[in-house]
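I opened the model today to look up a few points before going back to the bench. My entries follow in the order in which I made them.

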Amino acid sequence: MESALAMQMPTRMTPDPADESAVAASARDGDMAAFEQLYRRYVGRVHAVCLRLAGNATLAEECTQDAFVRAWESLGSFRGDSSFGTWVHRIAVNTVLERHRTQLRQAAWVTHKDDEILESVPAADVGPEHAMDLEASIAELPPAARMVFVLFDVEGHSHEEIAEMTGLAVGTSKAHLHRARRLLRERLEA
Amino acid sequence: MNNVNDDKPIKAVERLPREIAPGRDLWPGIAARIGRKQRNRHPLWAYGLAASLFVAVGAGGLWFGLARQAPEAATVPAGQLAAATPDPQSQYFAQRAALAENTVQSAPNLAPATREVIMKNLRIIEGSMQQIQEALEKDPNNPRLRSLLYDLYQNEAQLLAATQQAQAQTTTRNEL
């Protein structure tokens with residue numbers, strides 16, 4: 001016989017881990033174990049975007065935690081129109097951008113002051129084709145250039161979407177991307 | 001001077017990994033934070049919980065009393081997260097966790113899947129409590145840690161109260 005508790009909370013029965021919508025529904029009903037499944041599935045993807053946008057491991061971990069806590073708090077608004085991964089990824093991007101809001105406001109105009117700082121950093125010993133070298137070079141970009149580069153070239157957002165997310169003008173976003181690519185090429189070819 | 005190549009994507013970007021694991025497991029910290037928030041959420045099964053909370057709080061007081069009166073009499077089952085040490089506080093923590101799990105395990109009318117969900121949630125809460133307790137030993141006056149621990153105790157009490165309520169309702173239905 002099914003217990004009264006099970007009758008009262010049918011969505012809290014252990015969901016099939018392969019059925020993401022069922023796992024998300026259980027999490028929405030307060031099942032922390034189900035939410036942990038979603039965390040385990042997407043933490044790598046969320047942390048990757050946080051790390052690249054923030055350019056700092058400690059801040060990236062803080063933002064990853066914040067993103068999942070915010071996702072938990074907002075689960076009631078998750079309707080499953082997109083995958084949970086896409087949804088929490090967007091939350092993560094917004095979390096990092098909010099942390100950098102001041103820097104983004106200051107980046108309304110592209111300057112060359114930071115380029116000099118970047119150019120003074122010695123190049124790594126590994127070859128330019130090496131992904132780790134590119135990761136390190138991205139982390140060393142000036143903040144606004146780094147964020148636009150990651151959002152456009154790595155995450156595939158358009159300049160219009162980036163403008164909406166960051167508050168930068170579309171033209172400024174394009175200028176930061178151009179600058180980021182130039183700085184990266186110079187560094188990778190050094 | 002601008003170079004036309006600056007407007008082209010960098011090839012190596014395609015080889016960047018889509019996932020990068022963090023340097024440490026972030027889940028315990030997340031679980032502690034959402035555990036604190038959880039008391040403000042009202043899942044469907046939690047309606048009617050307020051009445052049984054009184055029972056759970058009373059039971060908590062009883063456990064505390066028992067643990068203080070006979071700390072050596074209680075048995076900590078194998079597999080508990082009880083890293084039981086001679087420290088009375090740790091011993092109490094382990095005994096309380098064991099009693100909480102026994103409460104769920106000894107409810108005869110719970111469906112196995114339901115019992116499993118409750119046990120999983122209970123262990124998450126207890127694991128978070130243990131970590132916060134360890135942090136408090138290093139920083140005993142940290143108000144945020146104390147607040148988090150308090151919230152986790154509340155969550156545990158709510159979960160146990162819901163279990164008791166479900167068990168009582170099932171018993172009544174069976175009697176009918």
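**Crossing of two helices**

I first noted that, in this predicted model, α9(A) and α11(A) are roughly perpendicular to each other. The angle at which helix α9 (residues 143–154) of chain A packs on helix α11 (residues 170–189) of chain A is about 95 degrees, and their axes are 8 Å apart; angles of 65 to 115 degrees count as roughly perpendicular, which is why I used that term.

I then asked which residues of α9(A) and α11(A) meet. From α9(A) I listed A144(A), A145(A), R146(A), V148(A), F149(A) and F152(A), and across from them, in α11(A), S173(A), H176(A), L177(A), R179(A), A180(A) and L183(A). Sorted by class, the contact of α9(A) with α11(A) comprises 8 nonpolar, 2 polar and 2 charged residues.

**The loop before α11(A)**

Next I looked up A169(A), which sits in the loop between α10 (159–166) and α11 of chain A. Is A169(A) buried or exposed? With 13 other C-beta atoms within 10 Å, A169(A) is partly exposed, because a residue would need 20 or more to be buried and 12 or fewer to be exposed. I also checked A169(A) against H159(A), which is 10 residues away along the chain, and found their C-alpha atoms separated by 8.8 Å.

**Helix α4(A)**

I turned to helix α4 (residues 57–73) of chain A, which has 17 residues and reaches 24 Å from its first C-alpha to its last, close to the 24 Å expected at 1.5 Å a residue. I wrote down the buried residues of α4(A), namely A60(A), C63(A), T64(A), Q65(A), A67(A), F68(A), V69(A), A71(A) and W72(A).

**Confidence in chain A**

Before relying on chain A, I looked at its pLDDT, which averages 81, with 76% of the residues scoring at least 70. Over residues 1–12 of chain A the pLDDT is below 50, although this stretch has 37 contacts in the model beyond near neighbours in sequence. The pLDDT is also below 50 over residues 114–129 of chain A, where the model has 17 contacts beyond near neighbours in sequence.

**Chain B in outline**

Last, I asked how many helices and strands chain B has, and I counted 5 helices and 0 strands, running α-α-α-α-α from the N terminus on. Of the 176 residues of chain B, 31% count as buried. Taking the contacts in chain B with a separation of 6 or more, I found that 65% are between residues 24 or more positions apart.

Key: Residues are numbered from 1 along each chain as its sequence is written. Chains are lettered from A and ligands numbered from 1 in the order in which they are written. This is a predicted model: local features need pLDDT of at least 70, side-chain atom pairs count only at pLDDT 80 or more; totals for chains, interfaces and linings use all residues. Axes are lines fitted to C-alpha atoms, for helices over the stretch in contact, and angles run from 0 to 180 degrees between N-to-C directions. Helices (H or I, at least four residues) and strands (E, at least two) are DSSP runs, numbered from the N terminus. Angles under 35 degrees count as roughly parallel, over 145 as roughly antiparallel, 65 to 115 as roughly perpendicular and the rest as oblique. Two residues are in contact if their C-beta atoms, placed from the backbone, lie within 7 Å. Ala, Val, Leu, Ile, Met, Phe, Trp, Tyr, Cys and Pro count as nonpolar, Asp, Glu, Lys and Arg as charged, and the others, Gly among them, as polar. The expected span of a helix is 1.5 Å times one less than its number of residues. pLDDT is the predictor's confidence in each residue, from 0 to 100.
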